[in-house]
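Subject: Handing over the structure

Hello,

I am passing this structure on to you, with some notes to help you find your way around. Have a look at it before reading on.

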Amino acid sequence: MDRSAIRNSTGVLLCSLLVACRWQSSTPTTEPTGQFGGGTGAYTAQCSGDFPDWISDHPPQADASGDVNPNEPGVQKSFQLAQAYPLGVPVITNDAQGQPHITSWNPPAAETNGPWRTFSNLSIPAQRDGYLAALKTYILQGMSDPGIDFDATKNNSNWASRKWYHVPMMTASASARREPYHGVTNERPLNPSEQTHWLTSGGNLRAVAIGYYNSLGGYTIGQVFPSYDLTQTQPSAAHFIDGTVVFKLLFAEYVPSRIQAPDPLAHAPRWFVQVPANSAAPPIEVRLLQVDVAVKDDHFSSTTGWVFATYAYDERLWPAEGNGWRRLTPIGMQWGNDPTVTGTAITTLQESWINPDMPPAFRDHVGRAGRLIGPVDNPRSSCLSCHSTAQVDMAQTGNVTGMFATQAIPPTACSTPMAWFRNLPSGPSGGTAFGRLPGGNCPVDVATTGLTSLDYSLQLQVGVISVFGFQNPNPCASHAQAHYAATNAMALRRNQEQLRQPPGREQQFLRELPAQSQRVQITRDGRLLREEIPPQHRR
C-alpha cells in the first residue's frame, strides 16, 4: 500500500479521517492448494489479505523485470483482490483512567451528495442525461487514468482516491473462478444470432467481466464476509446503504475474422486474460464492450430502490477521445421492471429507457418488451429482473442448486415469466427475496420464508454459494492468521514501549511517523490507543 496510508498496529488501515478498513498487503504470498482452495494439489492461491486473490493451476510467471503479462504495455503484476473493506466509523470511548478505546463500529452514512442525486425524475430526458453523465464521471474518475486502467488496488493506494472493492470467494467452480491476470470471471457468451450487426455466423465468443463496489458497497461486502474464518460469513448482512455504486466491465473475446466491418471494437481497451477452463493455453485477447452500473437510490424506493445503467464502448468517439476507457455511450437505463407490461412485443415503457443513439453495432438487442439489457445479456430478461434473483436458501447448505432456489432468467418454456418482472423493493434493511422455482419449473413460488435476499448483488450470491453451497475452504486462512498474530504482537510491544516513554513522547512519535513507521494505533486526540481492538470488532 502507499506509504502515506496510516495503519494501526492491529493491521487496520485508515481509509479516510473517519473510516477504518481491513488490512491488505502490497506483497502477496502464494500458497499451494487443491483446485477449490483446500487440501493439496497442483494449484496455487495468491494471498494478499483475508481471502484469495485467485486460484490457478497455471499461475502467472514473472520475467526478469517482474512482468507476468508481456502482451500488455508496462510491467504487469498478477491480479490482487481489493479487499481492505471499510469497517465503518469507530466509536471511541474513554475508560475510567481517561484512555480512549474503540468499542464498536458504526455503519458509514448514506451518500446524500452523490452527483446523480440531483436528478430524480428519469421520465424527463434532461434528467436522464444528467444522471447517466454523473454515473459515468463517477466511475471513471481515477480508475480510467493511464497507469491505473481499472486496477483497484493501484487506485486505492492513493490516499486521496475514491476507493473500489471486489467481492471475495468467487473461486467456486473450475470454469467460473477468477483468473489470475486481471481477476475477470466468465459471463454469458456473445451469441452471433443476437449480434447480427457486427458478428459473422459461427460459434459463440467468450465474454468475461469484473465488478467493483464503492466504499459503501465495500462496507457491506465486509459485513457479509467479516473474517477469514468462513464460518462467520453472514449473508443476512447484505443490506446495501443508499449511495452504494457498483459497476462491471465486460469484455468480448476479440477475433477479427469474426467481425463485420466497421469494427466496433477497433480501438477499444484490451486485456489478455487466462481462460480458467483452459488455463494451460496462452492468454486470450479481450476488448471492452459493455459497462454496467447500478446505484442504490432511495428516490426510486417506490419501484426497486436501484437504478441500473448500461454503457457500450463507442468507436465513433475515436480519435477525438484519446482515453479508450472513456469512449462510453449509454445503451439505456432502468429504474423499475414495468410489471404491468406483460407481453413480449417492444413497446413504450415507463421504467426503462433505451438510447436511440447507442453505437449502431449494438442496436436492436433489448430485453423483454424493450426493457434494458446490454449486448452480452439475455433478451428474455432485463438488468433489474435478473439481479432481483440474488438470494440464497441457507437451509440448502451443501446443495448448490438448492441454495440458488431459482434461476436468474425465466426458463425458455416458462409460460408465466412475469414473476421475474416484479418490482421487489430494497431499502435500508436490504432487498426482498425473489422466491423459489420448485423443481426448476414455473410457476414461481413467491413466498420468501427461509430465503435471504442479497440485495440485487449476483456477485455476492456467487461468493456466498462458494462458501456454503460448494463449501470451499479459504486457502489464505493460515496466511491471515499469521498476519493477525504478528500485528497483535506488534501492538503489545508498541503499547509497552509507549508506557515507558515520558509524557509528550506519543505526540513526538506521531510527528516522526513518516520516517519511522506506517503502523500506529488509531487515535482521537493525538494519543496512541493502549490496547488492541476488541476481538469481536477486529476484522
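Below I go through what turned up, from cysteines to strands, a helix and the aromatic rings. Please keep in mind that this is a predicted model.

**Cysteines**

A good place to begin is the disulfides, and a search of the whole structure gives two. One joins Cys-47 to Cys-476, with 2.1 Å between the sulfur atoms. These two cysteines come from distant parts of the chain, 429 residues apart: Cys-47 belongs to strand β4, while Cys-476 sits in the loop between α6 and α7 (477-499). Both Cys-47 and Cys-476 are buried. The S-S torsion of Cys-47 and Cys-476 is about -85 degrees, so this disulfide is left-handed.

The other disulfide is made by Cys-414 and Cys-442, whose sulfur atoms are 1.9 Å apart. Here the partners are 28 residues apart, with Cys-414 in the loop between α5 and β17 (426-427) and Cys-442 in the loop between β18 (430-431) and β19 (451-453). With a torsion of about -110 degrees about the S-S bond, the disulfide of Cys-414 and Cys-442 is left-handed. Cys-414 is buried, at a relative accessible area of 12%, whereas Cys-442 is partly exposed, at 25%.

Why is there no bond between Cys-383 and Cys-386? The closest cysteine sulfur to that of Cys-383 is the one in Cys-386, and at 8.1 Å it is too far for a bond; a disulfide needs the sulfur atoms within 2.5 Å. Cys-383 is buried, with a relative accessible area of 8%, and Cys-386 is buried too, with 17%.

**Strands**

Strand β4, the home of Cys-47, also takes part in an open sheet of three strands, ordered β3-β4-β5 and paired in the antiparallel sense. At the edges are β3 (29-33) and β5 (52-56), each of which pairs on one side only. From one strand to the next, the twist averages 20 degrees. If you want to trace the pairing, β3 and β4 (residues 43-47) are joined by five bridges, and Glu-31 stands opposite Ala-45 of β4. As background, the strands of a sheet pair through backbone hydrogen bonds.

Elsewhere, strand β6 (residues 86-94) is joined to β2 (residues 20-21) by two bridges, and these strands run antiparallel. Cys-21 has Pro-86 of β6 as its bridge partner. β6 also pairs with β7 (residues 100-106), again antiparallel, over six bridges. Asn-94 has Pro-100 of β7 as its bridge partner. Five residues separate β6 and β7 in the hairpin they form, and Gly-98 in the turn has a positive phi of about 85 degrees.

**Helix α6**

Is helix α6 (residues 458-468) mostly covered or mostly open? It is mostly covered, with ten of its eleven residues buried. Among these buried residues are Leu-458, Val-464, Ile-465 and Phe-468. They pack against several elements, including β9 (207-213), α3 (215-224), β10 (245-253) and α5 (400-404).

**Aromatic rings**

There are 21 aromatic pairs in the structure. In one of them, Phe-51 and Phe-225 meet edge-to-face, 6.0 Å from centre to centre and with 75 degrees between the planes. That pair links parts of the chain 174 residues apart: Phe-51 is in the loop between β4 and β5, and Phe-225 is in the loop between α3 and β10. Phe-51 is buried at 0% relative accessible area, and Phe-225 also counts as buried, at 0%.

Tyr-228 and Tyr-484 form another pair: their ring centres are 5.8 Å apart and their planes at 25 degrees, so they are stacked. Because Tyr-228 lies in the loop between α3 and β10 and Tyr-484 in helix α7, this pair ties together parts 256 residues apart in sequence. Both Tyr-228 and Tyr-484 are buried.

Ring pairs also build a cluster whose members include Trp-116, Tyr-138, Phe-150, Trp-164 and Tyr-212. Arg-162 lies over the face of one of these rings, Tyr-138, at 3.8 Å from the ring centre. Likewise, Arg-287 lies over the face of Tyr-254, 3.7 Å from the ring centre.

Enjoy exploring!

Best wishes

Key. Residues numbered from 1 in each chain as written. Predicted model: local features only at pLDDT ≥ 70, side-chain atom pairs only at ≥ 80, totals over all residues. Heavy atoms only, no water. Buried < 20%, exposed > 50% of the residue type's maximum accessible area, 1.4 Å probe, protein only. Helix = DSSP H or I, 4+ residues; strand = E, 2+ residues; numbered from the N terminus. Contact = heavy atoms within 4.5 Å. Pairing = 2+ DSSP bridges. Axes fitted to C-alpha atoms, helices over the stretch in contact; angles between N-to-C directions. Phe/Tyr/Trp six-rings, centres within 6.5 Å; stacked < 30°, edge-to-face > 60°. Lys NZ or Arg CZ within 6 Å of the ring centre and 35° of its normal.
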